[in-house]
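Reader: Please take a close look at one part of this structure, the place where its domains meet. I would like the criteria stated along with the values.

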Amino acid sequence: MGNIFIKNIKGLLQAGENLPDVVKGSDCNELRVVENAFLALENGSEVVAYGPMTEWEGIDDWRDLEVIDAEGCYVMPAFCDSHTHTVFAKTREEEFVDRIRGLSYEEIALKGGGILNSAQKLGSESETDLYNAAKKRIEKMIAHGTGAVEIKSGYGLSAENELKILRVVKQLKRNMPISIKSTFLGAHAFPIEYQKDHEGYISLLIDEMLPIIEEEELADYIDVFCERNYFSVDEMTRILEAGKKYGLIPKVHVNQFSTMGGVKASIDLDALSVDHLEELNEEDIKALKKGSTIATFLPGCSHFLGIPFGDARRLINENIPFALASDFNPGSSPCFNLLQIWSLACVKMKLTPKEAFNALTINGAAAMGLSKTHGKIKLGASSPIILTHEIPSFEYIPYSYGENTIQRVFTKK
Ligand code: NIG
Ligand code: FE
């Protein structure tokens, strides 16, 4: 079972054997397209052949072959959501309403809302409840085109609860049909009892949590929320350095509200990605130009909090690679739908549909260490693939915001 032949595809996008692992500069607007194409998959999503219909030679020995006529439809690599906080207890609509009434995200956080609010709610949830809720969210993500997802801890803020989240992510990795990467974000906020004892909490993160995370293989990456009222650049540096000793690669929250030097500090520590970047100064640009770190913009957060959208055009002009991700979380971006993110990136960040698509696929894969297998369609790779409904053009997808133009997502079984 699971052998699929898709024929008469209107446009097969980003299928090729030598597509780049990262795109930047004017290449961001390049997309390989095969018109009137076919694609053959084995075991759900393993690519065994593709090309123009005129070159189709047939496969003799397939049993249980499902044939799909994709006339009028597009086929493309699924999105890679390189930044999410998918494991959380409860949504936070009350803060949404507070913001509509005029409070800012920072003001809400200072009065006990925000991350601390989520941490309090998560404390009383069981691992099973958290797992079941996250599983449902991931199923919805897949239905909207997500083919790989990074998930952070960060709503625990105690050894017990941070580890609980990471164990849930480990289960999800095992059971879900898409690739999942796990990030330890114990340094998301200082819990109330450590507000005046930063050293105490940092030592809890480094001396208590990291050894267990390594022993149980609970994380791939380490993250810190480097921001005023959260973690300073020095605190972040110490935590990332400790994480690296335990084999975790830095992948960080920086420059959401202010520029503090966190971009350069994390690039100096070979961060895989620096995320948010609603604010960017010349020093940050200089640091990004030197390293191979992927800048990651989160337009869902900019939209939902009413803060600036990142200057992606500047990065294109500077030849700096960037990804787009959802930042899916209950506080600043309750949107897991990357079709919406694609649309926002076009409308608000003035990216072309192709530029935004590359940032959601090839560069999204790079920002979560999946370049070899994800973000493009290539022989032998088992990477999730999107089949759209019948649509007039590729650009129609982000144009028709709010519509789920996806008919099906092929994933490994
Ligand atoms: O990426 N900024 C830090 N963390 C999340 C928001 C967390 C929350 O509000 O619950 C973010 O935006
Ligand atoms: Fe985030």
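Author: The centres of domain 1 and domain 2, taken over C-alpha atoms, lie 30 Å apart. This is a predicted model, in which local features need pLDDT of at least 70 and side-chain atom pairs count only at pLDDT 80 or more, while totals for chains, interfaces and linings use all residues. Residues are numbered from 1 along each chain as its sequence is written, and side-chain values use heavy atoms, with hydrogens and water left out.

Domain 1 covers 3-76 + 377-410 and domain 2 covers 79-366; these bounds come from an automatic or database domain assignment. Between them, 26 residues of domain 1 are in contact with 27 residues of domain 2, contact meaning heavy atoms within 4.5 Å. The area buried between the two domains is about 2,200 Å², and carbon and sulfur atoms give 70% of that. Buried area here is the accessible area (1.4 Å probe) that two parts lose on being put together, summed over both. Of the area that domain 1 buries against domain 2, Cys 28, Asn 29 and Pro 398 supply 22%, more than any other three residues.

The rule finds zero salt bridges across this interface, a salt bridge being a side-chain nitrogen of Lys or Arg within 4 Å of a carboxyl oxygen of Asp or Glu. It does find eight residue pairs in polar contact, both residues at pLDDT 80 or more. A polar contact is a pair of N or O atoms within 3.5 Å; within protein, one must be able to donate a hydrogen and the other to accept it, and residues adjacent in sequence count only if both atoms are side-chain atoms.

On the side of domain 1 that touches domain 2, helix 15 (396-399) and strand 15 (406-410) each supply at least two residues. Helices (H or I, at least four residues) and strands (E, at least two) are DSSP runs, numbered from the N terminus. The whole structure, by contrast with the interface, has 20 salt bridges. One of them joins the side chains of Lys 372 and Asp 21 at 2.7 Å, N to O.

Notes:
Chains lettered and ligands numbered in written order.
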